[in-house]
Amino acid sequence: MPSLNMVQAVNGTLRDEMRRNGNMVLLGEDIGRNGGVFRATEGLLDEFGPERVVDTPLSEDGIIGMAIGMALYGLQPVAEIQFLDFIYPAFNQIVSDLAKFRYRSGGQYPVRMVVRTPYGGGIKGGLYHSQSTEAYFTHTPGLVVLTPSNPYDAKGLLVSAMRSPDPVIFLEPKRLYRTIKQEVPAEDYSIPIGKASLVQEGDNVTLITWGPMVQTCREAVALAGRENIRVELIDLRSLLPFDLETILASVEKTGRVVIAHEAAKISGFGGEISAQISERAMDSLRAPILRVAGYDTPFPYALEKVYLPSPERILRSIRKAYNY
Amino acid sequence: MYRYMLMVRRFNERMLLLQRQGRIAFFTESNGEEACQIGGAWPLNRGDWVYQSYRDAGMCLVRGVTLKALVDQLMGNADDPNKGRQMGAHWGYKESNMVSLASPVGTHIVQAVGTAYAAKFKKDKTVCFTTFGDGATSQGEFHSALNFAGVFKVPVVFFCENNQYAISLPFRRQTASENVAIKAEAYGFEGVLVDGNDVLAVYKATKAAVDKARSGGGPTLIEAVTYRMAGHSSSDDPNRYRSPEETEHWKARDPIKRFRAYMTKKGLLTEQEDRAMQEKVENEIVTVIKESEKVPQPPVTSMFTDVYAEIPWYLKEESDELTREGS
Ligand SMILES: Cc1ncc(C[n+]2csc(CCOP(=O)(O)OP(=O)(O)O)c2C)c(N)n1
């Protein structure tokens with residue numbers, strides 16, 4: 001089994017699916033000759049040619065709009081937006097058209113496509129190469145929102161995304177692109193949309209997270225372990241739809257919940273998870289649900305490390321929930 | 001052609017009346033723009049795709065959409081192929097390749113380029129045709145669309161129905177360009193200016209652009225210069241921003257009158273035939289309205305379908321709760 005990092009896993013998965021499915025096309029900025037600024041599409045132009053690996057002009061509404069038109073005609077585009085921070089010129093396309101085509105046409109015009117985009121902090125990218133704005137998309141009915149946290153999941157989720165009949169926003173934590181290597185089976189497999197992963201079992205506190213924070217949370221769980229707090233770590237993987245069953249089963253067991261994400265706290269997706277739990281599992285709760293999140297500021301450059309939730313910050317919330 | 005032009009005019013008048021009577025909520029007329037509507041859609045093949053805007057009932061008719069399907073959409077009833085999901089005049093008819101449109105102006109223009117790309121990719125002979133108003137040319141997607149179309153040289157025809165107004169804003173305030181057609185030059189392909197009140201001229205210009213696209217010649221931007229004789233929509237009062245003299249000026253250039261005069265002069269239409277045709281069209285519309293009004297509204301639980309291919313668990317919950325407890 002090859003040991004791959006996340007970029008390699010994404011690259012290989014795109015390549016395999018392109019081989020399997022002649023209607024699959026990739027489009028985006030610098031994805032062809034340059035192989036993408038993170039190299040996720042390296043080598044694909046050579047294998048599949050410029051009609052299937054399309055270097056587009058520098059225009060996000062153009063990329064997403066064009067991909068929608070391709071998809072409606074029966075191609076299966078995977079669009080790359082260079083950074084999530086630059087998706088906003090295409091926000092109208094995504095929110096007004098991509099998410100609503102199927103619904104507004106009464107099912108006549110479903111759009112099957114994937115938007116891949118790197119997101120999150122940790123690379124010293126400042127305000128505009130670091131943000132985690134998944135909640136804009138989870139607040140849009142019609143979209144599926146996925147985010148892997150390791151190479152194995154990246155492949156399995158991307159396969160599901162590319163075969164999904166619904167439009168998928170596929171958020172790739174760029175800080176983990178090259179930091180974790182993992183065995184990734186060469187054969188075809190997929191991870192179902194809407195299924196969380198139980199990263200670690202524990203019965204004292206439930207820690208819920210996704211994407212780039214999964215690694216940080218692992219460290220926090222280890223720190224808590226030294227204090228004999230057994231934390232159950234859940235990686236949602238799929239934000240919309242989310243796996244309420246796994247969450248509730250864990251909350252019933254622990255009665256204490258911490259949610260960690262990189263995005264700003266107010267109106268972050270953690271608020272939604274928190275609300276779902278309190279609506280449905282009030283009787284199981286033995287402590288208030290706590291959120292550890294980015295601060296409610298724009299994403300700072302120099303103080304990035306302070307802004308991003310650290311294992312220690314998460315640990316403090318775990319303790320607080322545990323000792324409540 | 002003439003019959004379709006009459007049909008659109010009557011349809012416009014009737015639908016506005018229905019709106020005034022509170023039988024439909026909203027409508028966008030195309031009075032004065034019938035030559036664009038009919039002449040523009042006429043050269044297209046059945047398999048061609050149209051990314052339309054909300055003033056294109058006439059194009060829908062030419063493309064084989066039935067009057068009933070149009071009225072069903074305006075009423076948002078259970079027979080509407082769009083399942084009553086959108087406000088009036090937001091048509092979408094897959095069988096006729098009239099793609100569903102969104103309200104935000106201009107988003108469809110760039111999608112048309114993607115479809116044209118896909119058609120070329122699949123080596124189909126499909127042409128993609130997209131319509132929009134002069135106002136839409138100020139949107140980013142218009143620029144992106146023309147830019148992409150030029151770069152990828154895809155079989156797309158951009159059809160700007162310049163009716164001089166975007167709601168209240170006159171064309172002169174929409175752009176400092178002399179006209180819309182010249183904008184094509186900046187993107188590396190041809191722009192064509194045509195008298196949008198002359199149905200045969202519109203037909204000819206569109207036919208040439210469609211043929212060119214089909215034979216691999218790439219995109220064309222057509223600007224059909226016309227005039228919106230009615231308000232922007234059933235909610236608009238044009239007297240607030242334009243003079244009756246101006247409207248009179250354009251009334252004299254009414255595309256239907258012009259085509260009628262031409263046909264009569266050529267001996268292709270007698271007054272009697274004309275009257276009979278008008279009556280027939282009127283009857284058809286009245287009959288359809290009666291039929292559509294009998295159709296009930298979509299079932300309540302249809303609210304939750306088509307958000308996704310399959311209903312996710314949380315929508316199932318919401319749907320069940322609505323069924324159980326009512327709204
Ligand atoms: C992005 C956006 N902004 C504003 C509106 C409100 N609006 C609807 S139609 C319209 C004018 C459009 O004018 P034009 O493109 O010239 O088309 P016409 O109505 O004249 O056919 C406006 C401002 C909208 N639908 N979408």
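**Ligand contacts, a salt bridge and two backbone features in a predicted model**

Q: Which residue has a backbone N or O atom that lies 3.0 Å from a nitrogen atom of the ligand?
A: In this predicted model, polar contacts are pairs of N or O atoms within 3.5 Å. A nitrogen atom of the ligand has such a partner at 3.0 Å, and that partner is a backbone N or O atom of B:Ser103.

Q: How far is an oxygen atom of the ligand from an N or O atom in the side chain of B:Arg55?
A: B:Arg55 is listed among the closest of the residues that surround the ligand, together with B:Tyr54, B:Gly135, B:Ala136 and B:Tyr165. A polar side-chain atom of B:His232 lies 3.3 Å from an oxygen atom of the ligand. For the side chain of B:Arg55, the distance from one of its N or O atoms to a ligand oxygen is 2.7 Å.

Q: How much of the accessible area that the ligand has on its own does the protein cover?
A: The ligand takes up the space of the second largest pocket, and 15 residues surround it. By class, this shell comprises seven nonpolar, six polar and two charged residues. Of the 580 Å² that is accessible on the ligand alone, the protein covers 70%.

Q: Which parts of chain A does the salt bridge between A:Lys253 and A:Glu232 tie together?
A: Over all chains the structure holds 37 salt bridges, and in one of them the side chains of A:Lys253 and A:Glu232 meet at 2.6 Å, N to O. Because A:Lys253 lies in residues 244-254 and A:Glu232 in residues 231-235, the pair ties together parts that are 21 residues apart in sequence, namely helix H9 and strand E11.

Q: Where in chain A is A:Pro241, the residue to which the peptide bond from A:Leu240 is cis?
A: The peptide bond from A:Leu240 to A:Pro241 has omega near 0°, and is thus described as cis. As for its place in the chain, A:Pro241 is in the loop between strand E12 (238-240) and H9.

Q: What is the phi value of A:Lys124?
A: A:Lys124 lies in the loop of chain A between strand E5 (114-119) and helix H6 (134-138). Its phi is positive although the residue is other than glycine, with a value near 55°.

Conventions
Residues are numbered from 1 along each chain as its sequence is written. Chains are lettered from A and ligands numbered from 1 in the order in which they are written. This is a predicted model: local features need pLDDT of at least 70, side-chain atom pairs count only at pLDDT 80 or more; totals for chains, interfaces and linings use all residues. Side-chain values use heavy atoms; hydrogens and water are left out. A residue is near a molecule or strand if one of its heavy atoms lies within 4 Å of it. A polar contact is a pair of N or O atoms within 3.5 Å; within protein, one must be able to donate a hydrogen and the other to accept it, and residues adjacent in sequence count only if both atoms are side-chain atoms. Accessible areas come from the Shrake-Rupley method with a 1.4 Å probe; for residues, only the protein chains shown count as cover. On a 1 Å grid over the protein atoms alone, a cavity is a set of points where a 1.4 Å probe fits but cannot get out, and a pocket is an open set with protein on both sides within 12 Å along at least five of seven lines; lining residues have an atom within 4 Å of a point. A molecule sits in a cavity or pocket if more than half of its atoms lie within 2 Å of its grid points. Ala, Val, Leu, Ile, Met, Phe, Trp, Tyr, Cys and Pro count as nonpolar, Asp, Glu, Lys and Arg as charged, and the others, Gly among them, as polar. A salt bridge is a side-chain nitrogen of Lys or Arg within 4 Å of a carboxyl oxygen of Asp or Glu. Helices (H or I, at least four residues) and strands (E, at least two) are DSSP runs, numbered from the N terminus.
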